[in-house]
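Here is a short report on one protein model and its ligand. Look at the structure first, then read on.

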Amino acid sequence: MPESLTFPADFLWGAATSAYQIEGAVREDGRTPSIWDTFSHTPGRTADGDTGDVAVEHYHRYRDDVALMADLGLNAYRFSVSWSRVQPTGRGPAVQRGLDFYRRLVDELLGKGIKPALTLYHWDLPQELEDAGGWPARETAYRFAEYAGFVAEALGDRVESWITLNEPWCSAFLGYGSGVHAPGRTDPAAALQAAHHLNLAHGLGTQALRAALPARARVAVSLNSSVVRAVSESPADLDARRRIDNLANGVFHGPMLHGAYPADLLTDTARVTDWSFVQDGDLAAAHQPLDALGLNYYTPALVSAAHDEPGSPRADGHGASEHSPWPGSDDVAFHQTPGDRTEMGWTIDPTGLHELIMRYSREAPGLPLYVTENGAAYDDKPDAEGRVHDPERIAYLHGHLAAVRRAITDGADVRGYYLWSLMDNFEWSYGYGKRFGAVYVDYETQARVPKSSAHWYAAVAAAGELPLEGAVG
Ligand code: GBH
């Protein structure tokens, strides 16, 4: 008997983007710079000095982009709000012109039957808040809660699905630890302090959302929960796995889902920080009832004890930073998982997505799960007829959607899948060199061309069913 490849009837077939990666229009309608404007304009920080100044001009082309989503038959779209568009400088009253853009975008989506999922924070902190200390400063968590309330008051009548933070791991550990993301700081103690204030921001932000939103609204968080595997079952390698799992997952899931940091995380990092920035009541504040959990998945991590190879090459080696995003783990080595890789150098392993979903359906029983990001970068180019063929991306999506389907068979409550990304865009430190889109963007003309994967995904969404493996390509 072939396993069923049919998805639940109300499954969400979506695509995801984020504000700085697509909007452009960085100086319009009162928007002030975020840490990503500053970072991308600092020489040497992004590939070819690329910035989000223009990006894919979504701020002006949003109507066409929503029409494109409708043509592709998507019934869900995950986007993020630019904090410094809505509350320039991160302080003071909300700016109507900024909120109006998101109101128009949401109305356009609703008019086409596409369910919006709104992420409040996808890495673009107002620069003034970084100048005041950034995420290592406790005040930033309070500022985030105020901003969350403004957006909820403005859009709560039309948006039901709310996501507080996208991948706080990246904000804390790539932003303040390895420095390959904005604001580019390399201070392991500050990275852990940032992680704590992101947990607090999530909790206070969730409270602010609940206070302003109607009861039907759903609040979630999107974590890049990692699948961490060890190269062997030796005690040293398993211990490396345990420590990285805590720094990747427990550091956020602990407070957000269980109201506590893993005790061994605190002792493992004792050389880096004494965690004295955790105040009474913070963990209760971070531990808010949630309506769903978002999982972003790309590739698993593979670790071992470092033995005699400290500072061995890291899987995330973009930007030649010698600084680790894993505070207190210099004696852990990262390895390449065997198998085919995408253009990012990330190994393709759908079993990791199944494993991740099953883990969180056990760890957070009763909490609906969404895959809020999954996808692949390839070196896509139009052919002579202007068509873009990306069979590798189709194979990637097929494999990962089959893994989601298998998890549903195994009892997981997965309600939807958001492909990363709707269209090619600014891939952070990698600039425009890495294309994750189902839709190709010509960066000279801003023309959008659905790739063959977009047509394939549209057919899957329309049928609510995956084709058999043999039919792919
Ligand atoms: C997501 O980040 C982002 O949400 C999205 O904006 C971005 O465009 C998209 O994915 C594609 O990159 O074990 O040290 O090697 C994903 C970023 C990539 C962070 C893999 C963790 C592995 C860390 N993640 N990375 S490491």
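## Where two strands meet

Start with one pair of residues: Tyr 370 stands opposite Gly 416 in strand 11. Keep in mind that this is a predicted model. Strands 10 and 11 run parallel, and four bridges join them. Strand 11 covers residues 414–420, and five bridges link it to strand 1, again in the parallel sense. There, Gly 416 is the bridge partner of Leu 12. Gly 416 thus appears in both pairings: opposite Tyr 370, and as partner of Leu 12.

## Strand 10 and Glu 373

Strand 10 spans residues 369–374, and Glu 373 has its place there. Strand 10 also pairs with strand 7, residues 292–296. That pairing is parallel and has four bridges. In it, Leu 369 of strand 10 is the bridge partner of Leu 293.

Is Glu 373 buried or exposed? Its relative accessible area is 4%, and buried means under 20%, so Glu 373 is buried. The whole strand follows suit: six of its six residues are buried, so strand 10 is largely enclosed by the rest of the structure. UniProt lists Glu 373 under "active site", in an unreviewed entry.

## Strand 1, covered on both faces

Strand 1 runs from residue 12 to residue 16. Five of its five residues are buried, so the strand is largely enclosed by the rest of the structure. Which residues lie on each side? Leu 12, Gly 14 and Ala 16 are on one face, and Trp 13 and Ala 15 are on the other. Both faces are covered.

Strand 1 has another parallel partner in strand 2, residues 76–80, with three bridges between them. Here Ala 16 stands opposite Arg 78.

## Around the ligand

Now turn to the ligand. How many residues surround it? There are 19, and Gln 21, His 122, Glu 373, Glu 427 and Trp 428 come nearest. So the UniProt-listed Glu 373 is in this group. By class, the shell holds 10 nonpolar, four polar and five charged residues.

Three side chains make polar contacts with oxygen atoms of the ligand. A polar side-chain atom of Glu 427 lies 2.6 Å from a ligand oxygen. For His 122, an N or O atom of the side chain is 2.8 Å from an oxygen of the ligand. The side chain of Trp 428 also has an N or O atom 2.8 Å from a ligand oxygen. Taken alone, the ligand exposes 580 Å², and the protein buries 90% of that.

Definitions and conventions: Residues are numbered from 1 along each chain as its sequence is written. This is a predicted model: local features need pLDDT of at least 70, side-chain atom pairs count only at pLDDT 80 or more; totals for chains, interfaces and linings use all residues. Side-chain values use heavy atoms; hydrogens and water are left out. A residue is near a molecule or strand if one of its heavy atoms lies within 4 Å of it. A polar contact is a pair of N or O atoms within 3.5 Å; within protein, one must be able to donate a hydrogen and the other to accept it, and residues adjacent in sequence count only if both atoms are side-chain atoms. Accessible areas come from the Shrake-Rupley method with a 1.4 Å probe; for residues, only the protein chains shown count as cover. Ala, Val, Leu, Ile, Met, Phe, Trp, Tyr, Cys and Pro count as nonpolar, Asp, Glu, Lys and Arg as charged, and the others, Gly among them, as polar. Buried means under 20% relative accessible area, exposed over 50%, partly exposed in between (1.4 Å probe, protein chains only). Two strands pair if DSSP finds at least two bridges between them. UniProt positions are given in the numbering used here, feature names are shortened, and annotations may be inferred rather than shown by experiment.
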